[in-house]
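Colleague: Could you take me through one part of this model slowly, the way you would for someone in their first year? I would like a close look at how one chain sits against its partners.

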Amino acid sequence: MKETLLLTKHMREYPENSHLIDSYEKNNGYKTAKSALKSLSPQQILQEIKDSNIKGRGGAGFPTGTKWGMLVEDQEKYLVINADESEPGTFKDRILLERDPHQLIEGMILTCFASGIHKAFIYIRGEYAKPARRVQKAVEQAYEKNYIGKNIFGSNFDLDIVVHLGAGAYICGEETALLNSLEGRRGEPRLKPPYYPAVKGLYMKPTLVNNVETISSVPWIIANSGLEYNKLGVEGSVGTRIFSLSGHINNPGNYEIQMGSSFGEFVDTLGGGVKNSKKIKAFIPGGASAPWFRGDQLDIKMTIDDVAKNNSMLGSGAVVMMDEDTNLVSAAKSIVSFFAHESCGQCTPCREGTTWLEMILDRIASGRGRTSDVELLLDICDNISPGLSWPPKMTTICPLGPSAVSPITSLMKDFRDEVDKLIPSKVLL
Amino acid sequence: MNQKINLNVNGLVIESENDKLLIEACEDSGIHIPRFCWHKRLDPVGMCRMCLVEIDTPKGKILVPSCTTKVTDEMIVDTESDTVRKAQEGILEFLLINHPLDCPICDKAGECPLQDQTMAYGPGESRFVEEKRHFEKPLPISEIILLDRERCILCARCTRFSDEISGDPLIEFIQRGNKTEVNTFPNEPFKSYFSGNTVQICPVGALTSTSYRFKARPWDLKTTQSTCNGCSIGCTIELNSSQNKMLRILGVDNDAVNQGWLCDKGRYNFEYLNSKQRLLSSMKKVNDIFEEISLQEVFSDLKNEIIDESTKVKFFIGTNLTNEDYYTIKEFSKNIPAQNQTFYLNDDFLHSGKYQNTIDQASLNDLDNSDVIVLWAQDLKENLPILFLRIRKAVKNGVKLVIFGHSNQTLLDISDTFFGENIVSNNFEIIKDLNKIKDFKKSVSGKKVTAVIGKSSPFQSNESLDNLVKFLQENSEVKILRAYSKGNIFGAISVFDSVKGTKEFINDTSNDTPDLLFVVGADPVGSSIFSSNFKENIKKIKKVVSLDLFQHETSELSTYIIPTASTLGEKEGTFTNIEFRTSRIDKLVPSPGQSISDWEFFAGLINYCNLQEFSNSVHEINKKLYENLKSSNIPIFDNLDKPSNVEGIIHIKTPNVEISDEVIESNYFLGNKLYGDNATVRHSESISFLGSKKFIEMNEETANQYSLTNGICKLEQNSFSVNLTYNINNKLPDGLIFIPKNRRDLNKFNFLDEIKIFPGSQEGSLNVS
Amino acid sequence: MTWEDKYLKQAKKIIKLYPQKRSAMGPLLHLAQSRDGYISDESISVISELVGVTEVQVKSVSTFYSMYKQEPTGKYLISVCKSISCEINDSKSVINAVKDFTGLNNNETDEEKLFTFEAVECIGACGGAPAVQVNYETVEGLTTEKVINLCKWLKDTTPDLIVADVLQEKFGGTKSFDWAIKDSSGSTGSVPGFQTFNTTKEEK
Ligand SMILES: Cc1cc2nc3c(=O)[nH]c(=O)nc-3n(C[C@H](O)[C@H](O)[C@H](O)COP(=O)(O)O)c2cc1C
Ligand code: SF4
Ligand code: FES
């Protein structure tokens, strides 16, 4: 299995300078935008994106063309790049920001031109200081060359870009929370309905929110046509996608591949196999929110549909491998604590439930579990995500609450014995 | 827009309007859905998740919060399915795991939604064996409000109220997730005129009032519905008492008037009822000492003057009486032989309110239905707080707001246009030809306008206001709310054929001293800006009869003092508000000692002097009030007590207020603060000190002119002087000085003469010299 | 009380970037953090003036985000990741190593105001687990020895500028991905080193 380099081509071929405008331009950077703004109509660009069938890379996997098409008309509209990448296991946007920021900016120019947007923000998580500096530098360079600003490429199209830093809140990755945050408010998700970004987004104006990887793909698509892009990958999971591979693996890292091959192949070839040639006990196919797979499910294909068929998701493209020696209870606890810590606190079930789950897991992990705890855990999960089905039913505003349930249900479904053996059996209640 | 639709709830079809919220639609058809965060008068946030219901979708049944989901035609809803029940039970368990079990010592117990819903939908015993969340409790977050963060269930009602409704977001969520708490900023307490509402809508005992703390249990409360007489809005209220003691006032959701809200003064200004200082028996001044005497003796003392037609009789009347009181006074005056009697009302801010052409009376709800609100009146937040809220609401829903003058600064930030010093002079006259003010003409032309009109300061001329009204009549579809702000003043205006104001009293009595003056529920010497003139003139009067709750500076000067019952909970009657809406005043507690209703005094006097057989039943008097009126729905008890009239009954009368109109040059902008130095506030411990601070306001420029630097200054006139703080307020024009005339000592100045202002010395105490 | 001109000037610049003043609140809080080492009540009042909201509204926002510190931080904010990829790569021992060396528990600061220690959620360095940030400059592929050397070095040399690439070169191991050319920019305090906040410098 080999990589297919579209978004990571330039950075691989010119590692030293891929983040600088000269290098980017030497390799046809900004050419696409230049010509598109002269020769293409916004509608044509939108059509290319629709033809490409690219799906959002932020986690929700919503068709990008459709999203752009739904943007309501208004003289005040915004584009917000979601660079809040905080889903445990995910570090793909980081490389795009750090190593090829101009690709993102060019993508933004094309996106804004296609949607008649004149003000765009890049919301970068606060912990990504170095990537943010690189992006800020890139934005300054682009302004100097007047690739952004007033009357870009003499096309009398204006675009301003502001780089905005978050301040440590995973929930701000959720698009409406992100908008609240960008408005200088608490990063609490908004109610949908009525606050769909495409209708009532930033400052209650129509707003496109797209992931870094999604928009970084736009230049290639416009340069090579949507149909070309659509040829890559498999139906329903077209194009390339950058997977962040981590955990007990020899060659962790970001790999840009066409979707379709199996997780096992991915691990053995690009991943260089499991550390110390151990066996995989369990793995997470798409970020901390995704239900786990067992080691014997490595042959599942890395496509949106195959993973969904097996009751999980590719989500943010973060693949985490856990070998046979992994303490899965601690692993689950780590993930549950994460969601408990990151809950915005609006919804009762998420605010109270995730913390309660964390407390119980903590007791179990430290040998103070009760025989009634297993059942209790599952029932609390059921009160956060009724039926414990996939995709999850919700009693909450956003999916964070239900996400906290995934590791516990996985644990109980496939690795119940690991929990049981931690609970002192003689404790009578 | 709102077309009727049908939806299916739990198998039965109910009708509703589209874009109604599911929880409301169900409520309307008697299907109750449990909830904590949702409140009819607040924007939904869908946070507590208690109101989850199941609806059918193409993808099958899903759980949605009924407080954020709008109804659609043919919608199929289940509010009682097993899934729903399970979810509700889960939510309650989640809410309870960190909730202290201190109901036995909680003021809310017995009327606590959390408690009730736990009974109805809650789980059995708790499965939570971990450590509960802990906070220091209770935290005083203002002089009158306590916060217990352990009880809080984070419904965001208080935070939304103060942000959306009252517009002073001083209470907010702090921290995040499971650590979230509600709190105020350390050095910025919950100083709001409306904070009591958050206590009322708190679904648990997290926010409580100092005045009600540990006072009573809901189950031993006696309650009745009445009308607040704190200002001319006449909010619908519920009175709560126990052992004949008034303990609490709650806002009732009268959609036409206060929509559930109250200002803190209306809510907390009741403790005076139980004050030791209340007058308990009639008194007569005998060589400068007051001695108790019986009512009969007072009557017999007065009889001769009363039946003698040469006696010159005048009435100076307060604004806190019932329509029945006013009516009886009128009947009394009709039946005595005295010539040209006059009724003067105790309000320095009256304007004539008679305009060239007849003008339509607006209702409060017209505010919501108009395109533009044009406001030129005294500071509404201080004098008509609920009108302030109603205007905020209208503006929030898209009505434009145009403000004239320097008084309504707290509404500026939501106003569309503001006409300040270059349009309105320091004497509150319009100095430009309104036709030449383009954006004003544009903003009102042909529009539906509700004009809120009244004097910003006592020295303002009628003319200035009349011109504005005239302009509006010529250019727009205007209706008017006359911003007479005090208590039941519209009741007085409705009952008396003609009334005058304080300045008129001074003018008239200076030329021609009356022999007999009745001062009914008023303390002009203590409160009017013409205080000193009142003092002089009243001293000259042979017999002054003063009826009131408390002894005060005016009754000091009278010959007789009659103790009266308060309109708040001590008597029955009716009240007429700013839109001429009449509603019920009810009695809940006995009035102390020998105090009687004001109408009883005059009824007694009529009968004693056998001028006529006068009824001594308030019900009969109430019937007489409108006896020569044909309309079927006249505002009398029988009609007001009908469920169909819960909002009260509007019966409009064109006011006949005779206010002389000389323009007075003055640098002083005189206004009342919500909390002032009046008898009732002074005798209600919980809030008494809120009206004690003395200050004046001016802009930086003006402060420099007086070379004021250290925050303190000294006002001096003749031998009288006051040290006080001055606040810099740059929204005021140069030279204009705001003086809160209802703060102690500040009305002692004669504002028609100059007051000297000197820099104050830090150590100089803030007392009268 | 107010801010020095240099901060007020910067604040005005930041506010200009946004269509609505309130949007500047986040960046202004970072600015406050860089000035005071935490979000002081004084700065809250200044910001409430600058963006036109009440003080408690600023407090409400600032306490929502974990990077706005409510107590003064040390010169070096050491954030060790404890999320899943690091967790299963034994971040626990790295955490304990730092605790032992500094003698600090989670979210504590030493008397000298040198170190603040915190165990944090995913910092996007999962490929280089276990990972650490010093003043938001990332070091990947740590071990207990490496992290102790890192702390020692900080303590001995007390650099004013923290540069990710320098830390990585000196103390790092496996990276999440090829960092390519050495970048000499870094952070000057316990805030992200970022041009807009005046908190970044190039190392000579
Ligand atoms: C709890 C939560 C966290 C999220 N975090 C991120 C994130 O860090 N980055 C991201 O791009 N999208 C994130 N998303 C998805 C966004 O809500 C949104 O779908 C996405 O940014 C849209 O961009 P796309 O269509 O290009 O994928 C998150 C969603 C949820 C519910
Ligand atoms: S589910 Fe959790 S994170 Fe999402 S809105 Fe509700 S409380 Fe906030
Ligand atoms: S009442 Fe609907 S979520 Fe609280």
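Modeller: Let's start with E137(C), which forms a salt bridge with R133(A). The closest N and O atoms of E137(C) and R133(A) are 3.0 Å apart. Please keep in mind that this is a predicted model. Between chain C and chain A, the count of salt bridges is four. Polar contacts also link chain C and chain A, with a count of 29 residue pairs, both residues of each pair being at pLDDT 80 or more.

Which elements of chain C give two or more residues to the side that touches chain A? They are the helices α2 (25-36), α4 (55-62), α5 (84-87) and α8 (164-171), together with the strands β5 (137-139) and β6 (185-187) of chain C. You can find E137(C), our starting residue, at the beginning of the range given for β5. Sorted by class, the side of chain C that touches chain A holds 25 nonpolar, 22 polar and ten charged residues.

Now step back to the whole interface. Here 57 residues of chain C are in contact with 71 residues of chain A. Chain C and chain A bury about 4,700 Å² between them, and 56% of that area is on carbon and sulfur atoms. Within chain C, the residues that lose the most area to chain A are F64(C), I84(C) and F177(C). Together, F64(C), I84(C) and F177(C) account for 15% of what the chain C side buries.

Chain C has another partner to look at, chain B. This contact takes 14 residues from chain C and 15 residues from chain B. The area buried between chain C and chain B is about 1,200 Å², with carbon and sulfur atoms giving 56% of it. Three residues, E55(C), V56(C) and F64(C), supply 40% of the area that chain C buries against chain B, more than any other three residues. You have met F64(C) already, as one of the residues that lose the most area to chain A.

How many salt bridges are found across the interface of chain C and chain B? The rule finds zero. What it does find there is five residue pairs in polar contact, both residues at pLDDT 80 or more. On the side of chain C that touches chain B, the elements giving two or more residues are α3 (41-51) and α4 of chain C. The largest share of that side, five residues, comes from α4(C). By class, this side of chain C has four nonpolar, seven polar and three charged residues.

Let's finish inside chain C, with T73(C). This residue lies in the loop between α4 and β1 (76-81) of chain C. Is T73(C) buried or exposed? T73(C) counts as buried because its relative accessible area is 10%, which is under the 20% cut-off. The side chains of T73(C) and S190(C) are joined by a polar contact of 3.0 Å. Leaving aside neighbours within four places in sequence, T73(C) is in contact with Q33(C), G37(C), T109(C), K113(C), T116(C) and S190(C). If you want to trace this on the screen, Q33(C) is a good one to pick out, as it is among the contacts of T73(C) and its number falls within the range of α2 (25-36).

Methods
Residues are numbered from 1 along each chain as its sequence is written. Chains are lettered from A and ligands numbered from 1 in the order in which they are written. This is a predicted model: local features need pLDDT of at least 70, side-chain atom pairs count only at pLDDT 80 or more; totals for chains, interfaces and linings use all residues. Side-chain values use heavy atoms; hydrogens and water are left out. Contact means heavy atoms within 4.5 Å. Buried area is the accessible area (1.4 Å probe) that two parts lose on being put together, summed over both. A salt bridge is a side-chain nitrogen of Lys or Arg within 4 Å of a carboxyl oxygen of Asp or Glu. A polar contact is a pair of N or O atoms within 3.5 Å; within protein, one must be able to donate a hydrogen and the other to accept it, and residues adjacent in sequence count only if both atoms are side-chain atoms. Helices (H or I, at least four residues) and strands (E, at least two) are DSSP runs, numbered from the N terminus. Ala, Val, Leu, Ile, Met, Phe, Trp, Tyr, Cys and Pro count as nonpolar, Asp, Glu, Lys and Arg as charged, and the others, Gly among them, as polar. Buried means under 20% relative accessible area, exposed over 50%, partly exposed in between (1.4 Å probe, protein chains only).
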